[in-house]
Structures are given as C-alpha cells and as structure tokens.
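Hello,

I am passing a structure on to you, and I thought a short tour might help you find your way around. Please have a look at it first, and then read on.

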Amino acid sequence: MFFKSNAVKLCLSNGINKFSGCYRKIQFSILLRYSSSYLLEENVGINNFMSDLLEINKNKCNRNLAIQQKEHNFIPKEELRCIFKYKCEDFHVYEIDKNKKILDIEYIKKFCYEENEAKYSNDLFESEIGDTSNKFVGINKRNLKEKKHGNAVEQIDAQNEERSNAENSETEEWVHFVLYKVNKDTQEAIREISKMSDIEIKDFHYSGFKDKRSVSTQIISTNVHNLKKILDIKNYYFNKKIKTLLICKIEKCKKKIELGEHNGNRFIVVLRNIQNYEDYLKNRLNNIKKKGFINYFGMQRFGVYSNTFNKGKALISRNYKDYIKHVLDPCIFEKKLFYGNVVKDNITIYLKNACDIYHKKGAIFAYKYFTSKAKKLFDGDLANDNCVADYNNKLKIGNKSMKKSLYSFMTNSEYEAFMLLRNLYIYENNKRQKQRKKKITENIEKYDQNEGENEMDKHKLEEKHNFYENEQTCVKGISMETRRFHMHSYSAKIFNMITSYRLQNFGLNLGYGDYFYSKEICSEKSEVKNQHNYISVIYNPNNAKDVNIYNVVLPVLGCMPNRLSYLTVFKKLYREYAGKNVRLSFLEILLYLMYTLYTDNLFNAQRDIVIDKYFSYLIQDCQSGDSAVRDAIKLWGERILRNSISIKETLYIIKEFNSYINSFEYEYGMTCVFRNILVLPKNLYFCFCEYNEPKVKFISDLYKMNSGKHSISNKYLENKSIDIYDNEKGEAYLNSENSIHCFDHKKGNYIEEKNNRMQKEKTIIYNHNALVLSFNLSSSSYATMLIRELYGKRNELLVHNLIKNCQHYDNMVKQLKESLQ
C-alpha cells in the first residue's frame, strides 16, 4: 500500500549519493515521521461506542469469543487488525442524488459505454429524446476516433444554440455532470480538470467531499459558458486507456449544486484478512443493523497529520497570525509519506523548505525559492512527459498553464500553503514598495528634481495587488470555501464533544430540552433554512409521542432561528422546571458548550467582567479532568434550577452567547445545521469471501475492464439477489458448494461456472477471508464511524495505524509465500 523505500528512490532519481549527508537526513526524517505524535480520536471528542452504551450481548460476545479461542486457538480481539483501504478499490462511494438515484458503476457505464442509450446526430452527438429542460450529451465510442474534437464541439454548439433559442434556455445558467474518479479526492480532481480545461477552480460546485483513497462518483456543476470546455475534457478522459477520471451525463440546469444537497451516499467496503473473527464481526454487524452507531464526524474531517480544527479556531477568533502559523507549519510536510512520484514528492520537499525559509527570512525569500525550484522542476529533465502531459510549450512561473499544472500535483494542504505564501509575498512586496515610495517622496522634498521624472517614479511604484495590505487580507485571499472548511472542522469537533457529553450523561433516553426532528412542519412561519421548519424541542419526555432517540438532534455551530434559540428554549424550560428536582439535558449541554468556547478564547473575546467572573468559578470546579467537568456542570445545572446561582446573571450570559452564535451568519456565513446523534444504516448487507491472492480486487470498477474471478459487482450486494442473500439475515458467502458466481463485464450479468471449474476450485485451500459490506448513509454521516463501531477499537482507523496494519499484512503474506516455497 505505502512504501518508505520510495523516499530512497526519490534520492536516487535526483542523483543523491546513498552515503551523502542529504541521504542520511532524509532517512532520519523518515524515522521522525513514524515516531511523531498524531491526532487521536479523543482530541476531537470521539469517545464512545454504541455497543458500550447498549451494554447488551456483552456476555454472549465474550462467551462466543472464548469458544473460538478454545476450539481454533484464535488470537484475542485486541490483535484484530483493520486491513481497510488496502487498495483504493476496497472503498466505493456512490453519491445518491436528490431523486434518490444511486450514481454507481452501472449508472456510469450506462452513459459512457452503451451506444443505444441515446440517439446521435451526425453520427456523434444529440440531445436526449423527450428531455426539454435538460440537454444530455452522449458519446458514440465507435465514431469517437474518426471525428476530431474541433468538429465535434462545433456540431454540439450549433445544436445547443438552436435549442436554446427555441426553448428559452437562457434561464439554464448551469451545467451539471457526473464525475467518476479513482484515488482522487474531490478538490484534487477539480484541480486536475481545471488544469486540463482552463476553467477556474472557483467555478466548480459540489454537494460534498469524497475520500481520496476510494472509487467515488458525484455530481459537479459549473457555469453554462464552460460547456464547450467540459465536452472537450470529457472526450479526453474517455479516450484514456486507464480510466481514473471520467465525465458523463452532462445536463443544463437552472440551479448550481449546493453543499449538502445530495440525498446520501452508497458505500461498498472491503475488509481483508478477517479470518478467525467471523462470528465476532457478524454479531457486531447485527447490532449495528438493529441499533445503529454514533453519528460522529469522522477523523478525515480533522486532518491526519495536522489538526485542521485549529485553523478554524484561529479563523473564528480572527487570530490570523495563528492561522498563518498552522498553515505554514513545516512539520505538516515533514510528516508526509513519499509515494514515488518525482514531481509530487519534490513539490512537497520544496514547500517544506519554503515554510522553513518563511519563518527565518520572510515570505519574499520563501516564495522566490519555491517558484524558482518549481520552474526548474517543470522545465528541466526531472519531469518526464507523463508527469506534465498536454503542455508542449516551455512553462514559465508566470504562465497560467504552469500554475494550473503545479496546482494539480499538490495536496489540499500544500495548495493552501502555496496560495497563502503567494499572498504574503505580495503583501511584503507592497510594504517594501511603500517604504521605497516614502523615501522617494522625502528625497523629492529635499532635492527639487524634475517634475516629469517624479511622475515617472510614482507611476513605477503603483502596485497592482493593493488588496494585500496586511495579514488579514492575505488570509482573506484564501478561497472562502477553504476557510469555511476549516471553520466547519472546528464546529465538527464541538459537535462531537457535546454528542459524547449527551450520550455519556443521559444515555439513550429522551431528555428534557432535547431537539428532535419531526416529520411534520413545526414552525408557524417559513424559516430561512428548510431543515429548521421540522425541528422541535422535547419539553416533557413523558408526553413525547412517536419520538425516539434516533430522532434526537444536536446543533452544529451557526445562526439559529429565534424559535429554537438557546435563550428562548431556556426561558421556557426554566419557567416550567424552576425549583424542581429535574435534570435538564438542554441546560447541561448549553453550559458545556459555553464552557468549551470560553476556554478556547472564542466566547467573550471582549472580556466582559460578568462573564469572566461567572466562568471563573466553573473553571475552578473543572480542574481534575473530564469526569470533574461533567460533575461540575451537572452541579451547576442543579444550582441554576434551585436559584443558588443568580438567574439574572445566567440569563445575561445566555443572551450574550446567543448573540455571539447568531453573529456567525453574517461574519462567517455559517447557519446552524441540526445533526442526528445516532444513525441507522439503510440497506445494510454483508458477505464473507474466501480468497487466495492477497491483492485480489473484490469489487468491479472502470479502472480495468476485467477484474478477475473473485470480483463482485455492485448488484451482488443487494437484497434482490435472492439466490445469494438471505433476506432475513442479510448475509452470504461468495463461494458456496453448489456454484461460484462472478461478474462478466462484457455481458453485464452473472455466469455460473461449470462442473470442471468447480472441481478445480475444491482442491484450493483458502488462506484468507474478507468481509464485504454494502450500506446507505445520509449525506452527513461517515462510513468510517460504522467501521469503527464494527471493530470496537479506538484509533484503529487513523491513517498511520492503517498503514502499519497494511504493512503487517504485506509482511505476513511474504512470510507465508516463503514458507510455501
């Protein structure tokens, strides 16, 4: 999966001697990389398992595990290693659109490979019949090589122009298309398309981010003026031999894609090397299917080697120096693993060195260093033709094509660091020129020079980039999407923390003041955000009908409507339960939330004396860890209801906090989103597969047309396959005694092997076992949290642990092969 030896290959490719100091330095950095501290689940509020909260079948699980250990000499549960994402094809993510259509592989093949799906005009293109609002552009694979790009695009433009005049399609200002990608996250794929199509990165819109190490599909939208460029790039990717990126089903629409607009995601996951633990995993899967899992934000939301929520915290607090420090931290790039790609790895090294230079000498020296190195990288012999494809001309650092090509080789954190470094370079350069201009003005006053020469000097000193006047404007030069991503990362951490607090203190019971999602509209007037119309509050759990723990939601930081605001809900609860011996879940969560934001120096940035005094007493009671915090907040909630703590001060602080939260709307564009604390996966099915080849591909995709005898199609894991699945249990085994099913990509259906093939298969001894899962989740839920619940081990899905597990798997296979030889 990942190899440390690629760093050595990088040295040798650059002509670095194996015994040189530079080589030893890189080897030492590898050791540092593997011994560095990483972000843990506890750091972002991921503390609980659903199985711990349920406390059911624990004895049964332990008894079954003991029987397994006795009969088969199985290793204990702690030794169960999660071989997850061993190959990118082991994790498929298919977006589910607003019409609940799953954009799976069959959907992609339908629009990319089948010639009879659409009628074609002039033997090449035509709009879809019967579709008057959306114009779909299809491809005839047979004629694709015979026609030139230019002619094809001209024909499309002519047809689309005629239809637009006839159907008043000037209102259709956007183009939607389905993007298929392998081993690329959303932003990386967008940067590559931007490089190849010359469309600005900011012109692309999508409903969510997809994992890098996966096979994924999603809908992307862009302006209708970019239609011609999208069609060009579509043909380019379609003709590539290895299809890691595809564009299909291009439509004209009236609205662009908004974040969170999709209905959900379909996941197909492969977990390798799970032999000896089938009963354990099967039992946990049945619990997940019945009881669900905790709806935490996954670890990928917070970064792997750097805690992105600290960037968000710095942005919310307007501490721009801290934000710059986090973005331009050399340790981020020091910890990155080398993958053997000469261009990508050298860009990482140059950027790491540039960050070091920035902290020592400033942005001007750092930016000049990086741009000069990047220019040599692209112009010199280091980059081969495959690395920088489709750019035959000599690239210059000021060239637009050079920049886009450079961006396509960067990770998200590298791209952000480069853009910030560029902005700081412009700012420092402007500052120098202002100082120079001031000196020239002083000289002009001292020495009365020629007036014409003075005007010429002033004209030379005019700066094109006057926007970057300070560190704040440099940070604002980073795209709003990137900054919001970091701010949402911090709010995701806060959500995880209050979710853990809610479940640890109130369990799976309904609480006083819990927000819940209703099927009926609860608001008398239409709210700005449609979701808010269906949110209500449980003021008395005993009277709550048709509500269960799976309807309970908690708010993510952002502006809230007055009906659901903290102040309004607290007033109603206090009037009803003041002086009573009742534990209000709403009040304790609110106190915990205010306490957390206060200790993070976000709430009360103006240093209000009343607020400082109020929380100083609470902080004194919270000095001894998490348990002390919970006990102190519980005690404070009781005191507020008994009026032991001034209700006037409490109301004042909640009012100030309410105003602070509502300011997120106009300052950061953050509106509150309510999110379920527990989630039940839909259409959860699984099967256990025996296999011999350690790197076998289990799930069909478009990367290669034939995936081998063990490949499972997407339709395999559906309840329609009665001969494969037990509909009641939702489980199956790939290899049965009667027949072996495999997928024929050319025919698109299942075939049954003959008896002679079966006899050969019976002679094979299977050494490995894998678990294949298929399930649907809502748009805001993470598949990694389901896998975490399945394994029941903390920090098992951290990237560095996954790498170690995959390396252990490789070593085990290597030893097994050597023993057989």
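One term before we start: a helix here is a DSSP run of H or I with at least four residues, and helices are numbered from the N terminus. With that in hand, we can go to the end of helix H28, where Gly 792, just after the helix, takes a positive phi of about 70°. Please keep in mind that this is a predicted model.

H28 itself spans residues 783–791, and nine of its nine residues are buried, so the rest of the structure largely encloses this helix. The buried residues run from Ala 783, Thr 784 and Met 785 through Leu 786, Ile 787 and Arg 788 to Glu 789, Leu 790 and Tyr 791. Arg 788 also has a ring partner: it lies over the face of Phe 49, at 3.9 Å from the ring centre. A similar arrangement is found elsewhere, with Arg 301 over the face of Phe 485 at 4.5 Å from the ring centre.

Now for the overall view. The chain has 821 residues, of which 54% count as buried. Its secondary structure comes to 29 helices and 18 strands. If you take the contacts between residues at least 6 apart in sequence, 78% of them join residues at least 24 apart.

Rings come next. Searching the whole structure turns up 31 aromatic pairs. One of them is Tyr 206 with Phe 209, an edge-to-face pair at 5.6 Å centre to centre, with 70° between the planes. How exposed or buried is each partner, Tyr 206 and Phe 209? Tyr 206 is buried, with a relative accessible area of 5%, while Phe 209 is partly exposed at 36%.

Another pair worth opening is Tyr 501 with Tyr 592. Their ring centres are 4.8 Å apart and their planes meet at 15°, so this pair is stacked. It bridges distant parts of the chain, since Tyr 501 sits in helix H20 (residues 480–506) and Tyr 592 in helix H22 (residues 585–599), 91 residues apart. Both Tyr 501 and Tyr 592 are buried.

There is also a cluster of rings joined by such pairs, and its members include Phe 586, Tyr 598, Tyr 614, Phe 615, Phe 657 and Tyr 660. Several of these names return in the helix packing below.

H22 packs against helix H25 (residues 647–662) at an angle of about 65°, with the axes 12 Å apart. The two are therefore roughly perpendicular, and their crossing is left-handed. On the H22 side the contact uses Leu 590, Leu 593, Met 594 and Leu 597, which meet Ile 653, Ile 654, Phe 657, Tyr 660 and Ile 661 of H25.

H25 has another partner in helix H23 (residues 609–620), at an angle of about 110° and with the axes 10 Å apart. That angle makes H23 roughly perpendicular to H25, and here too the crossing is left-handed. Val 610, Ile 611, Tyr 614 and Phe 615 of H23 make the contact with Glu 649, Thr 650, Tyr 652, Ile 653 and Glu 656 of H25. Ile 653 of H25 thus appears in the contact with H22 and in the contact with H23.

Enjoy exploring it, and write back with any questions.

Best wishes

Note on methods
Residues are numbered from 1 along each chain as its sequence is written. This is a predicted model: local features need pLDDT of at least 70, side-chain atom pairs count only at pLDDT 80 or more; totals for chains, interfaces and linings use all residues. Side-chain values use heavy atoms; hydrogens and water are left out. Rings of Phe, Tyr and Trp (its six-membered ring) pair if their centres lie within 6.5 Å; planes under 30 degrees apart count as stacked, over 60 as edge-to-face and the rest as tilted. Buried means under 20% relative accessible area, exposed over 50%, partly exposed in between (1.4 Å probe, protein chains only). A charge sits over a ring if NZ of Lys or CZ of Arg is within 6 Å of the ring centre and within 35 degrees of the ring normal. Axes are lines fitted to C-alpha atoms, for helices over the stretch in contact, and angles run from 0 to 180 degrees between N-to-C directions. Angles under 35 degrees count as roughly parallel, over 145 as roughly antiparallel, 65 to 115 as roughly perpendicular and the rest as oblique. A crossing is left-handed if the near helix is turned anticlockwise from the far one by less than a right angle, and right-handed if clockwise. Contact means heavy atoms within 4.5 Å.
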